[in-house]
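Let's take a walk through this structure together, pausing at a few places where side chains and helices meet. Have the viewer open and follow along.

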Amino acid sequence: MLEVKSLDKEISVKKIDNETVNVKIFNNDILMSIVGEFNKNLIQIEKLTKTKLYFRGNSITVKGDRNSVSNVSNSLMFLVNKFLVTNSIENNDIIYSVKHG
């Protein structure tokens, strides 16, 4: 897949502690595509990674063990890039991002 060079303008990932990361997605179209209708994509990411995701405004807080939290933040960066390249996110993208993110 093509990679967008300006991800810094679209997403911010800040480590709070070893078990918590805060991810901010600045573009509402990207955010809504990643979150999914009724938060279904976030719920799926939670189940696949055994983490807890808290969504408010443009912020997603991820809690879990260090590896799972890192996996989710990489997954979210992958999904932002995917949206910027293709303008869509599908269910298979969620699964792929977790397994290969």
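Please begin at Ser75, a buried residue whose relative accessible area is 0%. Bear in mind as you look that this is a predicted model. Ser75 sits in helix α3, and its side chain makes a polar contact of 2.6 Å with the side chain of Ser97. The backbones come together here too: 22 residues separate Ser75 and Ser97 along the chain, yet their C-alpha atoms are 4.7 Å apart.

Now widen the view to the helix around that serine. Helix α3 runs through residues 66-86, 21 residues in total. From first C-alpha to last, α3 reaches 30 Å, close to the 30 Å expected at 1.5 Å a residue. Ser75 has company in being buried: the buried residues of α3 also include Val69, Val72, Leu76, Leu79, Val80 and Phe83, along with polar or charged side chains such as Ser68, Ser73, Asn81 and Lys82.

Both ends of α3 deserve a look. At the start, a side-chain oxygen of Asp65 comes to within 3.1 Å of the backbone nitrogen of Asn67. Just after the helix, Asn87 adopts a positive phi of about 65°.

Val69 of α3 leads us on to a strand residue, since Val69 is among the residues that Thr20 touches. Thr20 belongs to strand β2, residues 20-25, and is buried, with a relative accessible area of 6%. Leaving aside residues up to four places away in sequence, Thr20 also touches Lys15, Thr61, Val62 and Lys63. With Lys63 there is a polar contact between side chains, at 3.4 Å.

Our last stop is a pair of helices. Two packed helices are described by the angle between their axes and the distance between the axes. For α2 (residues 40-49) and α4 (residues 91-100), the axes come within 10 Å and cross at roughly 30°, and the crossing is right-handed. Which residues of α2 and α4 meet? From α2 come Asn41, Gln44, Ile45, Leu48 and Thr49, and from α4 come Asn91, Ile94, Ile95 and Val98. By class, this contact has five nonpolar residues, four polar ones and no charged ones.

Several of those α2 residues are buried, namely Asn41, Gln44, Ile45 and Thr49, and Leu42 and Glu46 are buried in α2 as well. The cover over the buried residues of α2 includes α1 (28-35), β3 (52-56), β4 (59-63), α3 and α4. After α2 comes Lys50, with a positive phi near 55°.

Definitions and conventions:
Residues are numbered from 1 along each chain as its sequence is written. This is a predicted model: local features need pLDDT of at least 70, side-chain atom pairs count only at pLDDT 80 or more; totals for chains, interfaces and linings use all residues. Side-chain values use heavy atoms; hydrogens and water are left out. Helices (H or I, at least four residues) and strands (E, at least two) are DSSP runs, numbered from the N terminus. The expected span of a helix is 1.5 Å times one less than its number of residues. Buried means under 20% relative accessible area, exposed over 50%, partly exposed in between (1.4 Å probe, protein chains only). A polar contact is a pair of N or O atoms within 3.5 Å; within protein, one must be able to donate a hydrogen and the other to accept it, and residues adjacent in sequence count only if both atoms are side-chain atoms. Contact means heavy atoms within 4.5 Å. Axes are lines fitted to C-alpha atoms, for helices over the stretch in contact, and angles run from 0 to 180 degrees between N-to-C directions. A crossing is left-handed if the near helix is turned anticlockwise from the far one by less than a right angle, and right-handed if clockwise.
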